[in-house]
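Please open the structure in a viewer and keep the selection panel at hand. The tour below proceeds from one selection to the next.

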Amino acid sequence: MQSKNKLRNATITAVGMYVPPKVLDNKYFEQIVDTNDEWIVTRTGIKERRVIEDGATSDLAARACEDLFKTTSVKPEEIDCIIVATVTPDMFFPATACLVQNKIGAKNAWGFDLSAACSGFLFALKTGASLIEGGTYKKVLVVGADKMSAITDYTDRNTCILFGDAASAVLLEPTENLEEGIVDQILHIDGSGKEALYMKAGGSLNPATHETVDKKMHYIYQDGKAVFKVAVKGMADVSYEIMQKNGLTGDDVAYLVPHQANLRIIDATAERMGVSKDKVMININKYGNTTAATIPMCLTEYYRAGKVKKGDNLILAAFGAGWTWGSIYLKWSME
Ligand code: UT7
């Protein structure tokens, strides 16, 4: 829904992505934990995922930005701000955005990291859009990047089969057409979910010690069943709500662009929205859950395949650790 006093919208004018070449397929996991391809595919929809062998999150992010710059006349030095959504920053500080800025040569940019787990890209997209809507900034790079392999326990079958490494970036620029670009959003946080999906140590609550390492507290911990229940409801409700708020029916929506954590959560969301399966962007089969990167990677791949057209109504939706969740209504403006 448009706000009455808005002078401009932010819209996506370029996209890019990077996945590392090394593939871990389900057969690989059959060799290292007690699992099988059939369980993984039927319970999650994942067939393979990628892991980076030669770098950190900032490398994934910088390569995604470089891929984006190959497709636009905008130069890195024209970027005003870089927002990197990630839960796997290279270091606590400096921010990964600083490292990306340096790697891509965005010498006139400021920027920061944004931590919202699997909803990170949505939160960063809205934040970037607001910077543009305010009129101060004209070119904002929004990046979702995670090296999940850095915090994955490859002896834990409950989590290791789920995650992969990737990055993807979008460029936001202003448009005076208030019907296009980032039109509306509903975003939420609720910290009561903090113990269902988290990394137990390494922060100021439990600083790293020999004991935290011995107890494997530096890896992703997830109560899968608990997360599943709230994720299904949270993502389906918020996606339905944003459609209602903007007077959209399932027929008006060109694509649901869901966070890729589990195909069953995605199917439930599409069903609640009345959106048929052929209108749901999916890449979980190829990359697993890449946290902040899943949604922009879907946008990049479907756009490059010619499947997304100017004027298409897209509903982006995510749910993640925190809890964090939300939905964004985006009208695509690229030819
Ligand atoms: O992205 C951020 C948000 N995260 C999510 O949205 C993830 C939400 N949760 C999920 O996607 C699902 O809960 C999982 C995919 C993580 C797990 O699927 P599930 O259908 O909820 O399985 P479960 O955890 O209830 O486990 C069922 C059984 C258990 O065995 P028992 O206790 O019934 O004997 C597990 O030990 O499956 C077992 N299991 C496995 N079996 C083979 C768990 N992981 C595996 C595995 N291979 N990799």
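With which residue does E133 form a salt bridge? Select E133 together with K6: these two form the salt bridge, and their closest N and O atoms are 3.7 Å apart. The model in view is a predicted one. E133 belongs to helix α5, whereas K6 lies in the segment before β1, so the pair ties together parts that are 127 residues apart in sequence. The structure holds 17 salt bridges.

**The two domains**

Next, colour residues 9–179 as domain 1 and residues 182–331 as domain 2. The tour visits each in turn and then the interface.

**The sheet of five strands**

Select β1, β7, β6, β4 and β5, in that order, to follow an open sheet of five strands with mixed pairing. Strands of a sheet pair through backbone hydrogen bonds, either parallel or antiparallel. Which strands stand at the edges of this sheet? They are β1 and β5 (110–114), each of which pairs on one side only. From one strand to the next, the twist averages 20°.

Now display β6 and β7, which are antiparallel and are joined by eight bridges. For one position in this pairing, select K147, which stands opposite D165 in β7. Then add helix α4, residues 96–104, which packs on the sheet and touches β4 (81–85), β5 and β6. The direction of helix α4 makes about 125° with that of β4.

**The sheet of four strands**

Move on to β8, β13, β12 and β11: in this order they make up an open sheet of four strands, again with mixed pairing. At the edges are β8 (181–189) and β11 (255–258); each has a single partner strand, so one side of each is left without a neighbour in the sheet. Here the twist averages 15° from one strand to the next.

How many bridges join β8 to β13? There are eight, and the two strands run antiparallel, with β13 spanning residues 324–331. Select G181 and then K331, its bridge partner in β13. Helix α5 (residues 120–133) packs on this sheet, where it touches β8, β12 (313–320) and β13. The direction of helix α5 makes about 130° with that of β8. Finally, show helix α9, residues 263–273, which lies across β11 and β12 and runs at about 145° to β11.

**The interface between the domains**

Return to the two domain colours. The C-alpha centres of domain 1 and domain 2 lie 14 Å apart. Select the residues in contact: 53 from domain 1 meet 49 from domain 2. The size of an interface is often given as the accessible area lost when the parts come together. Between these two domains the buried area is about 4000 Å², and carbon and sulfur atoms give 65% of it.

How many salt bridges does the rule find across the interface of domain 1 and domain 2? It finds two. To see a salt bridge in the structure, select K216 and D153, whose side chains meet at 3.6 Å, N to O. Between the domains, 20 residue pairs are in polar contact, both residues being at pLDDT 80 or more. To finish, highlight the elements that give two or more residues to the side of domain 1 that touches domain 2: β1 (9–18), α2 (37–44), β3 (48–51), α5, β6 (140–147) and β7 (165–175).

Note on methods
Residues are numbered from 1 along each chain as its sequence is written. This is a predicted model: local features need pLDDT of at least 70, side-chain atom pairs count only at pLDDT 80 or more; totals for chains, interfaces and linings use all residues. Side-chain values use heavy atoms; hydrogens and water are left out. Two strands pair if DSSP finds at least two bridges between them. Axes are lines fitted to C-alpha atoms, for helices over the stretch in contact, and angles run from 0 to 180 degrees between N-to-C directions. Contact means heavy atoms within 4.5 Å. Domain bounds come from an automatic or database domain assignment. Buried area is the accessible area (1.4 Å probe) that two parts lose on being put together, summed over both. A salt bridge is a side-chain nitrogen of Lys or Arg within 4 Å of a carboxyl oxygen of Asp or Glu. A polar contact is a pair of N or O atoms within 3.5 Å; within protein, one must be able to donate a hydrogen and the other to accept it, and residues adjacent in sequence count only if both atoms are side-chain atoms.
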